[in-house]
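Reader: Got a minute to walk me through this one?
Author: Sure, pulling it up now.

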Amino acid sequence: MTMSGNDEAAAPTAKRPRLQQTSLENTEEDIELPKKKIIVLLDQARLETAKTKKGEFELLNCDDHRDLCRKAKKDPAACRPDICHQELLALIDSPLNKAGCLQVYIRTEKGVLIEISPNIRVPRTFKRFSGLMVQLLHKLKIKASGNCGKTLLKVIKNPFSDHLPIGTRVYGMSCKGTLYSPSALANALIPDSNQGDDDDDVHHVCFVIGAMASGHVTVEDHPYIEKMISVSSYPLSGAAAIARILGGIEQHWGIV
């Protein structure tokens, strides 16, 4: 098997093997986003494609491509796209997102920036998620099936800071950051209301959360981060940390 980089996916010069199609459906009702919402960036996600001996593209992962990782001098334990899958499920399935108060982005280890529609239904199995990400990295856009044709996933231009509303307060997640309980975090960092015009004092809030197997986000990678925070004195998976953060915000905003 050989590696396939994102640059090759964006501007192919040779005939590419046929990709397995993954059908997506839009949610039954469109979500009308309020003026103020929580923004989440899943950073350093290990989303990278590999071509098998059969000529098919797959999402590089430690379970199926351990030998390929070693040949490419990559640590197999670091090739964990399933972490991004778990975190994305926790975000999109949350009451906060269903109430129209969440916007999610993904930034891969190679710097590919992806915008996620709040209306998407994330595939439940990793195999289907893998197929979806392969399609996205090659086609740069995924639309909903059916007549609506709304864009559910798309690759967008860097830097991420260009997509943040003016006045957004950005916080990075780290086990070494300032410790908050979920309710204390919401009371200290989240506005009392998610309603208001852009001229109001109510500001947007963004959380940068790691989607890698080890390590954490850094201010060096994101100089606009004003504070590093933590939601537990114990090491947590990304999905568990997200559940605690969103639970505190939902309680703060009265979203049940």
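Author: Here is a quick tour of the sheet, the pocket and two single residues.
Author: This is a predicted model, so to speak of local features we need pLDDT of at least 70, side-chain atom pairs count only at pLDDT 80 or more, and totals for chains, interfaces and linings use all residues. Residues are numbered from 1 along each chain as its sequence is written, and side-chain values use heavy atoms, with hydrogens and water left out.

Reader: OK, what order do the strands of the sheet come in?
Author: The order is β7-β8-β6-β5-β2-β10-β9-β11, eight strands in an open sheet with mixed pairing. Helices (H or I, at least four residues) and strands (E, at least two) are DSSP runs, numbered from the N terminus, and two strands pair if DSSP finds at least two bridges between them.

Reader: Which ones are the edge strands?
Author: β7 (141-143) and β11 (225-230), each pairing on one side only. From one strand to the next, the twist averages 25°.

Reader: And how many bridges join β9 to β10?
Author: Four, with β9 (residues 169-179) and β10 (residues 205-210) running parallel. Arginine 169 stands opposite valine 205 in β10.

Reader: Which strands does α7 touch?
Author: Helix α7 (residues 238-253) packs on the sheet against β2 (38-45), β9 and β10, and its direction makes about 160° with that of β10. Contact means heavy atoms within 4.5 Å; axes are lines fitted to C-alpha atoms, for helices over the stretch in contact, and angles run from 0 to 180 degrees between N-to-C directions.

Reader: Switching topic: which element gives the largest share of the lining of the largest pocket?
Author: That's α7 again, with five residues. By class, the lining has 16 nonpolar, ten polar and one charged residues. Here Ala, Val, Leu, Ile, Met, Phe, Trp, Tyr, Cys and Pro count as nonpolar, Asp, Glu, Lys and Arg as charged, and the others, Gly among them, as polar.

Reader: Is lysine 37 buried or exposed, and why?
Author: Lysine 37 counts as buried because its relative accessibility is 16%; the cut-offs are under 20% relative accessible area for buried, over 50% for exposed, and partly exposed in between (1.4 Å probe, protein chains only). Lysine 37 sits in the loop between α1 (6-10) and β2.

Reader: What does lysine 37 touch?
Author: Leaving out residues up to four places away in sequence, lysine 37 touches Cys101, Leu102, Gln103, His204 and Val205.

Reader: Last one: where does glycine 111 lie?
Author: In the loop between β5 (102-108) and β6 (113-116). Glycine 111 also counts as buried, at 18% relative accessibility.
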